[in-house]
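Me: I am new to this structure and would like a close look at a single part of it. Please take the last helix and describe what it packs against, how its charged side chains pair, and what surrounds it.

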Amino acid sequence: MAEPYSSTFWHRDCTLCGACCAAPDIAALNKPLGVPCQHLDRGCRCAIYENRPKVCRNYTPDWVCGEVAPLPTLEARVRRFLEIYGLA
């Protein structure tokens, strides 16, 4: 696994909240907006991490992750993620 960026406002350590794998659409995986990725396990970990598509590899946790991660459920995190981007 690649070294994560140090945690700052723009780059955060991954919190395993699952929002980035559930909220946005991921065309490379035929994943629609707001639906958890079929490869996201119950622990909000990627089951195909070593073989994930480039779009997933290029994602860098940021301030949005810091805002949604404390929410109690994946559904709440997805809802807030979509609200932040005006997609809810």
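Reply: What follows starts with the whole chain, then turns to helix α4 and its surroundings.

The model is a predicted one. Its protein chain has 4 helices and 0 strands, and along the sequence the pattern reads α-α-α-α. Of the 88 residues in the chain, 27% are buried. Among contacts with a separation of 6 or more, 47% join residues 24 or more positions apart. The chain exposes about 6,000 Å², and carbon and sulfur atoms supply 55% of that area.

Helix α4 spans residues 74–84. Its buried residues are L74, A76, R77, V78, F81 and L82. These buried residues pack against α1 and α3.

The largest nonpolar core has 15 residues. In soluble globular proteins, nonpolar side chains tend to be buried together. Two or more residues of the core come from each of α1 (19–22), α3 (63–68) and α4. Helix α4 contributes the most, with 4 residues. The members that touch the most other members are A19, A23, L40, V68, L74, V78 and F81.

One of these, A23, shows how α4 meets other parts of the chain. Apart from its neighbours within four places in sequence, A23 is in contact with V78, F81 and L82, and also with K31, L33 and G34. V78, F81 and L82 are among the buried residues of α4.

Next come the charged side chains. Side chains of opposite charge can pair when their charged atoms come close. The structure holds 2 salt bridges. In one, the side chains of E67 and R80 meet, at 2.5 Å from N to O. E67 belongs to helix α3 and R80 to helix α4, so this pair ties together parts that are 13 residues apart in sequence. In the other, E83 pairs with R80, and their closest N and O atoms are 3.4 Å apart. E83 and R80 are 3 residues apart in helix α4, a separation of about one helical turn. An α-helix has 3.6 residues a turn, so residues three or four places apart point the same way. Through shared partners, the salt bridges join E67, R80 and E83 into one network. Each of the three residues is partly exposed: E67 has a relative accessible area of 32%, R80 has 29%, and E83 has 41%.

K31, one of the contacts of A23, makes a contrast with that network. K31 lies in the loop between α1 and α2. K31 is buried but has no salt bridge, and the nearest side chain of opposite charge, D25, is 7.0 Å away. A salt bridge here requires the atoms to be within 4 Å. A polar atom of the K31 side chain does lie 2.6 Å from the backbone oxygen of P24. Beyond its neighbours within four places in sequence, the contacts of K31 include C21, A22, A23, P36 and C37.

The loop between α1 and α2 also holds N30 and C44. N30 is not a glycine, yet its phi is positive, about 55°. C44, likewise a residue other than glycine, has a positive phi near 60°. N30 counts as exposed at 71% relative accessibility, whereas C44 is buried at 13%.

Back at the helix itself, α4 is followed by G86, whose phi is positive, near 70°.

How values were computed:
Residues are numbered from 1 along each chain as its sequence is written. This is a predicted model: local features need pLDDT of at least 70, side-chain atom pairs count only at pLDDT 80 or more; totals for chains, interfaces and linings use all residues. Side-chain values use heavy atoms; hydrogens and water are left out. A nonpolar core is a set of buried Ala, Val, Leu, Ile, Met, Phe, Trp, Tyr and Cys residues joined through side-chain atoms within 4.5 Å. Buried means under 20% relative accessible area, exposed over 50%, partly exposed in between (1.4 Å probe, protein chains only). Contact means heavy atoms within 4.5 Å. Lys and Arg count as positive and Asp and Glu as negative; His and the chain ends are not counted. A polar contact is a pair of N or O atoms within 3.5 Å; within protein, one must be able to donate a hydrogen and the other to accept it, and residues adjacent in sequence count only if both atoms are side-chain atoms. Accessible areas come from the Shrake-Rupley method with a 1.4 Å probe; for residues, only the protein chains shown count as cover.
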